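Hi everyone, thanks for coming. I'd like to walk you through a structure that may be new to you, so please bring it up on your screens.

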Amino acid sequence: MDVDIWAWVADTQRQLHEAGNTGLAIALGDLPAQAFEGRYAQLDVMAPAVAQQAGSLELPWLELFARYWHLLSRIGDRAQGAAALGDAQALLEFARREDTKDCPSVPAAVEALAVAQANTDGPGYARERLAALGAALDGVRPDSPAYCGLVAQYVAALSDAGETEQAVTYYESAVAARRGADGQVSWELAAAGVRALLGAGRAMEALTELDSAKEFPADDPVAKDHREGVLRALVLATVGRHPQALEALPDLDVVGEHPRDWVEWARAVRLLGEVISNTWQLGRVLREWMAYFETMGVHRGRVELALIAGELAVARQGIWQARALADLAESWLGELRVTDGLPERIAELRASADAAVPLPAPGPQDELVAYFDAADGHNADPERWVGWLWPVSGTDLEATRRHTTTLGFLGYAPLGADILWKTIVEDADPAAAEDQDVAYLTGVLIEAGQDERLERFAGLLPPAAAHLALARMHRARERWTETAAEAERSLDSGAQGATALEARRLLAGAVQQLGDNAKGAAILRELVESDAGEEEDVWRMIVMATAAEDWDLVRKGAAKLGMPIESSEGPIEEEWHLVRVVLPVSDGSRREVLSVRTGPATARLLIPQPRGMDYNAGDIVVIDPRPLEPVPDNPEEQESYVIPFAGVSLLRPGGYTSWFFDGAAPSESDWAEFNEVLAERGWPMWVYSDDNYTVTHPGTGERLQGVYGWIAVPPGVEAVQLDALLDDATERWTHPLAWLDLARTAGIEIERHERITKEYGL
């Protein structure tokens with residue numbers, strides 16, 4: 001992206017505002033921030049919506065802009081590979097259309113495809129990347145802001161092609177050209193040069209280059225610190241400065257949120273094997289990362305992680321895990337275009353595992369289950385227990401249960417599935433298996449993603465157990481209609497005891513997801529009244545009954561829990577205590593709204609919300625009564641603590657209308673009086689601006705503390721009434737307040753509010 005694109009963004013925002021597309025204008029400006037700040041839930045909703053609206057408005061540059069930032073968030077920090085390749089190719093085709101080919105962001109589409117290909121299989125796509133990037137660079141001057149990004153990818157592609165010295169030479173010439181054109185070198189380009197130097201075996205030069213780039217501006221400033229830390233740790237570890245490398249290496253809780261850095265971080269950790277804490281927890285995390293890469297099509301990255309994790313496993317004598325990782329790496333080679341050197345590395349890993357000496361078991365094989373059960377759950381090493389239990393797993397049922405469960409916990413559910421399948425299906429009669437073992441195998445097959453195998457297993461079970469197993473599978477895949485159908489079939493087949501209990505819970509949860517809260521509540525009512533259920537079942541019944549407005553059933557549930565309700569009939573609308581209700585926003589984010597709890601599972605929102613939201617002050621919402629955070633233990637902290645609850649659904653709208661105000665902040669006394677006037681009428685007001693918000697003094701140009709927010713008025717209050725109140729309340733203020741949308745609706749002094757907005761730069 002270059003200066004022209006940002007000038008275009010500002011101009012397009014102005015045009016959209018003038019055309020009344022305020023929401024689209026705001027979204028346009030926020031897309032890059034969402035990508036850089038990792039607000040991916042918002043971006044995944046917002047960007048496609050902006051692109052779709054841009055298409056309907058015939059604004060192809062805007063559509064390209066929205067699609068690019070969404071793709072960048074996927075292939076950048078989230079490191080998607082094959083999962084994003086199709087979209088990257090489609091974006092480049094769109095960028096080359098006649099109506100978009102002159103857009104300044106077209107080179108970014110070329111870069112994006114190269115990144116997606118590198119994520120998938122860098123060496124495998126190296127030649128394609130070099131050809132496409134080289135063609136794009138032919139039309140880009142060194143002073144263009146698009147230059148650094150394209151060059152960085154070209155250098156990376158040369159390195160992936162094995163041309164490391166050429167990569168260094170190209171990098172150095174590109175930096176010289178950039179500086180000759182009075183342009184700044186980006187940190188990302190410098191990092192590509194550092195990696196090229198490392199690949200060429202010039203580690204000390206790489207360290208010097210990295211030191212000189214420390215203050216370079218970054219294309220992704222939010223990610224710069226942790227990315228620089230990972231790369232610095234790798235370089236320092238390569239030159240043997242292990243203490244410094246360890247100090248530079250970001251912690252797992254930091255890098256764990258950034259898949260783009262996982263492979264480089266793991267490489268640094270492998271080099272620091274003697275000074276890091278090489279534990280089973282590290283192995284489990286690396287296995288989780290491989291699973292993510294598998295989902296996202298990061299084919300080479302998962303092989304690299306498997307080999308590194310295997311070497312670390314050998315170092316801590318996790319022999320079975322090293323062998324399993326070698327098998328995984330080998331099974332993934334088929335997804336790669338180029339496998340040079342990888343079969344040899346896999347063979348070396350297997351040889352290391354074969355040469356390692358296993359740790360002795362803590363006791364005789366026939367007593368291992370007892371030792372396992374007696375082990376300290378906090379300090380026991382599950383990785384070692386998998387190795388110790390392996391000789392008896394598949395022959396001793398109790399050992400098999402513990403072994404396969406632990407395998408699943410460590411991320412190797414398919415291995416556990418194979419063992420359990422042989423034990424329960426091949427070597428025994430599955431129809432006679434205990435409920436516990438059926439549940440074990442069902443859960444492991446679900447976790448392993450082996451749905452077809454689970455369907456085969458269900459076909460060998462008695463009807464009630466078979467339908468329950470299928471219901472579990474459908475619930476895990478969020479197929480609610482199928483979940484409800486199978487759970488109902490389980491009950492109709494005569495399910496008893498624990499099978500019937502779980503079937504009812506699955507059925508109730510599924511019909512709730514399908515929108516039939518009344519039916520869900522009725523299903524749980526049978527459990528509650530028969531005392532077969534637990535306290536959680538009572539709460540779930542209360543939530544569903546509340547959503548269905550079955551107040552009699554809500555009261556019965558409350559009585560079961562010993563919760564007093566003042567009223568004896570009708571809706572429960574009491575004043576209990578303040579809560580924080582966490583509600584979903586249409587852009588994919590979450591919003592906390594201060595509210596008052598009005599019943600076991602209801603709350604009334606107290607804070608005015610901006611126009612366009614799905615809820616507002618005065619609305620009654622259904623809440624999940626399970627707190628989202630634990631209540632502090634400290635009594636002093638408890639006094640001011642407001643418990644957060646998840647919002648479930650809107651029960652009854654309050655009908656309030658919100659109006660925006662903006663301007664220079666008044667004196668404290670004027671502001672207090674303003675608040676008092678609104679409070680007397682019961683009209684909620686909330687300030688959304690912070691201390692950093694300023695406006696411009698129209699006379700002197702100095703910056704003044706600003707204030708903006710929303711006022712909500714109940715049904716029946718006309719715009720002219722609020723306008724009159726605001727006019728009276730603010731007429732003596734030193735600086736006027738503006739409420740332009742309200743003035744336009746009321747048809748009163750529109751020009752005055754337009755003038756205030758312009759003069760104060762609101």
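I'll begin with the whole protein, then go through strands, salt bridges and a few single residues.

Please keep in mind that this is a predicted model. The protein has 762 residues, and buried residues make up 50% of them. It holds 36 helices and ten strands. Along its principal axes, the C-alpha trace spans about 85 × 80 × 55 Å.

Let's turn to the strands. Strand S1 covers residues 578–584 and strand S2 covers residues 590–599; the two run antiparallel and are joined by seven bridges. If you'd like a pair to look for, find Val581, whose bridge partner in S2 is Val593. S2 also pairs with strand S3, residues 602–605, again in the antiparallel sense, over four bridges. Here Gly599 has Thr602 of S3 as its bridge partner. How many residues lie between S2 and S3 in their hairpin? There are two.

Now move along the chain to strand S6, residues 657–664. Is this strand mostly covered or mostly open? S6 is mostly covered, with six of its eight residues buried. As a general reminder, side chains in a regular strand alternate between the two faces of the sheet. Which strands does S6 pair with? One is strand S9, residues 703–713, which is antiparallel to S6 and pairs with it over eight bridges. Within that pairing, Phe660 stands opposite Trp710 in S9. Another is strand S10, residues 737–738, joined to S6 by two bridges and also antiparallel. There you'll find Asp662 opposite Ala738 in S10.

On to charges. Side chains of opposite charge can pair when their charged atoms come close. A search of the whole structure finds 62 salt bridges, and I've picked out a few for you.

Let's start with Arg129 and Asp160, whose side chains meet in a salt bridge at 2.9 Å, N to O. This pair links distant parts of the chain: Arg129 is in helix H7, residues 126–137, and Asp160 is in helix H8, residues 147–160, with 31 residues separating them in sequence. Arg129 counts as buried because its relative accessibility is 0%. Asp160, at 29%, counts as partly exposed.

Next, look at Glu288 and Arg284, where the closest N and O atoms of the salt bridge are 3.9 Å apart. Both residues lie in helix H16, residues 280–296, four residues apart, which is about one turn of the helix. Glu288 is partly exposed at 42% relative accessibility, and Arg284 is partly exposed at 27%.

A third example is Arg141 with Asp143, at 3.1 Å between the closest N and O atoms. Arg141 has a relative accessible area of 59%, so it is exposed, while Asp143 is partly exposed at 37%.

Some charged residues join in a network. Asp373, Glu398, Arg401, Arg402, Glu434 and Asp437 are linked by salt bridges in this way.

For like charges, go to the surface, where Asp633, Glu636, Glu637 and Glu639 gather in a patch of negative charge. Glu636 sits in helix H32, residues 635–640. Why does Glu636 count as exposed? Its relative accessibility is 63%, and the cut-off for exposed is over 50%.

Finally, a few single residues in loops and elsewhere. Ala79 is in the loop between helix H4 (60–75) and helix H5 (82–95). Its phi is near 55°, a positive value in a residue other than glycine. With a relative accessible area of 5%, Ala79 is buried. Asp531 also has a positive phi, near 65°, and is likewise a residue other than glycine. You'll find Asp531 in the loop between helix H29 (517–529) and helix H30 (535–547). Is Asp531 buried or exposed? Asp531 is exposed, at 56%.

Last comes Asp670 in helix H33, residues 668–681. How many residues separate Asp670 and Thr730 along the chain? They are 60 residues apart, yet their C-alpha atoms are separated by 8.1 Å. Asp670 is partly exposed, with a relative accessible area of 23%.

That's my tour, and I'm happy to go back to any part of it with you.

Technical notes
Residues are numbered from 1 along each chain as its sequence is written. This is a predicted model: local features need pLDDT of at least 70, side-chain atom pairs count only at pLDDT 80 or more; totals for chains, interfaces and linings use all residues. Side-chain values use heavy atoms; hydrogens and water are left out. Patches are made of residues with over 30% relative accessible area and no salt bridge: like charges are joined within 9 Å, nonpolar side chains (Val, Leu, Ile, Met, Phe, Trp, Tyr) within 5 Å. Accessible areas come from the Shrake-Rupley method with a 1.4 Å probe; for residues, only the protein chains shown count as cover. A salt bridge is a side-chain nitrogen of Lys or Arg within 4 Å of a carboxyl oxygen of Asp or Glu. Lys and Arg count as positive and Asp and Glu as negative; His and the chain ends are not counted. The place of a charge is taken as NZ of Lys, CZ of Arg, CG of Asp or CD of Glu. Buried means under 20% relative accessible area, exposed over 50%, partly exposed in between (1.4 Å probe, protein chains only). Two strands pair if DSSP finds at least two bridges between them.
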